[in-house]
Amino acid sequence: MAYVLFENGKKLGDIKDWTLTDRPAVHKVVLGKEIVTPKPKDLVTFTSPKPVKRKNSFTVVQDQKIEFVIQVTNVKDHTLVTGEVLERRNKLSK
């Protein structure tokens, strides 16, 4: 699968080591009642082809079919990126 990283709409290149972790909702007991907490955002890790900054807006496109809008939470060595998926949407093919 091909994953392409975009920063503020500008193509940075293909990313490596893409990992998407689906985090499930959690059941908790609060005041004797069991509740289900809202599902946390999915977690992603990848290696960027170029150095990135946390403040910018990032989008990852998978096989020109699915877009992931990413909020970066951590950057190590300027290219090892950890973030949360804010939005996942299917691209319409023309």
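Before we start, one cut-off to keep in mind: a residue is called buried when its relative accessible area is under 20%, exposed when it is over 50%, and partly exposed in between. By that cut-off R23, with a relative accessible area of 25%, is partly exposed. We will come back to R23 in a moment.

Hi everyone, and thanks for coming. What you see above is a predicted model, so please hear every value today as a computed one.

Let's begin with the overall fold. How many helices and strands does the protein have? There are 0 helices and 9 strands. If you walk along the sequence, the pattern reads β-β-β-β-β-β-β-β-β. The radius of gyration is 16 Å, whereas the globule rule gives 12 Å for 94 residues, so the protein is more spread out than a compact globule. You can also see that in the C-alpha trace, which spans about 50 × 35 × 20 Å along its principal axes.

Now the surface and the interior. Of the 94 residues, 30% count as buried. The accessible surface comes to about 6,800 Å², and carbon and sulfur atoms hold 52% of that. As for contacts, take those with a separation of 6 or more: 53% of them are between residues 24 or more positions apart.

On to charges, my favourite part. The protein carries 18 positive and 11 negative side chains, and the centres of the two sets are 5 Å apart. How many salt bridges does the count come to? It comes to 6, and I'd like to show you three of them, starting with D22 and K39.

In that pair, the closest N and O atoms are 2.9 Å apart. D22 sits in the loop between strand 3 (16-21) and strand 4 (27-30), while K39 sits in the loop between strand 5 (33-36) and strand 6 (43-47), so the salt bridge ties together parts that are 17 residues apart in sequence. D22 counts as exposed, at 54% relative accessibility, and K39 as partly exposed, at 46%.

Here is R23 again, as promised. Its side chain meets that of E84 in a salt bridge, at 3.3 Å from N to O. E84 lies in strand 9 (residues 80-90) and R23 in the loop between strand 3 and strand 4, so this pair ties together parts that are 61 residues apart in sequence.

The next pair is R88 and D42, whose side chains meet in a salt bridge at 3.0 Å, N to O. This pair also links distant parts of the chain: R88 is in strand 9, D42 is in the loop between strand 5 and strand 6, and they are 46 residues apart. Is D42 buried or exposed? With 12% relative accessibility, D42 counts as buried, whereas R88, at 46%, is partly exposed. And here is a nice link back to the earlier pair: salt bridges that share partners join D22, K39, D42 and R88 into one network.

Let's turn to a charged residue without such a partner. E7 lies in strand 1 (residues 3-7). E7 is buried yet has no salt bridge. Which side chain of opposite charge is nearest to E7? That is K10, and K10 is 6.9 Å away. Leaving aside residues up to four places away in sequence, E7 touches L12, N56, S57 and F58.

While we are looking at contacts, have a look at T59, which is found in strand 7 (residues 58-62). T59 counts as buried, at 18% relative accessibility. Again not counting residues up to four places away in sequence, T59 touches V4, L5, F6, E67 and F68.

Last stop, the backbone. Most residues other than glycine have a negative phi. With that in mind, look at L31, which has a positive phi of about 55° although it is not a glycine. L31 is found in the loop between strand 4 and strand 5, and at 86% relative accessibility it counts as exposed.

Then there is H78, also not a glycine, with a positive phi of about 65°. Where is H78 found? Look in the loop between strand 8 (66-76) and strand 9. H78 counts as exposed, at 55% relative accessibility.

That's my tour. Thanks for listening, and I'm happy to go back to any residue on the screen.

Technical notes
Residues numbered from 1 in each chain as written. Predicted model: local features only at pLDDT ≥ 70, side-chain atom pairs only at ≥ 80, totals over all residues. Heavy atoms only, no water. Helix = DSSP H or I, 4+ residues; strand = E, 2+ residues; numbered from the N terminus. Rg over C-alpha atoms; globule rule 2.2 N^0.38 Å. Buried < 20%, exposed > 50% of the residue type's maximum accessible area, 1.4 Å probe, protein only. Contact = heavy atoms within 4.5 Å. Areas by Shrake-Rupley, 256 points an atom, 1.4 Å probe, with all protein chains shown as cover. Lys, Arg positive; Asp, Glu negative; His and termini not counted. Charge placed at Lys NZ, Arg CZ, Asp CG, Glu CD. Salt bridge = Lys/Arg side-chain N within 4 Å of Asp/Glu carboxyl O.
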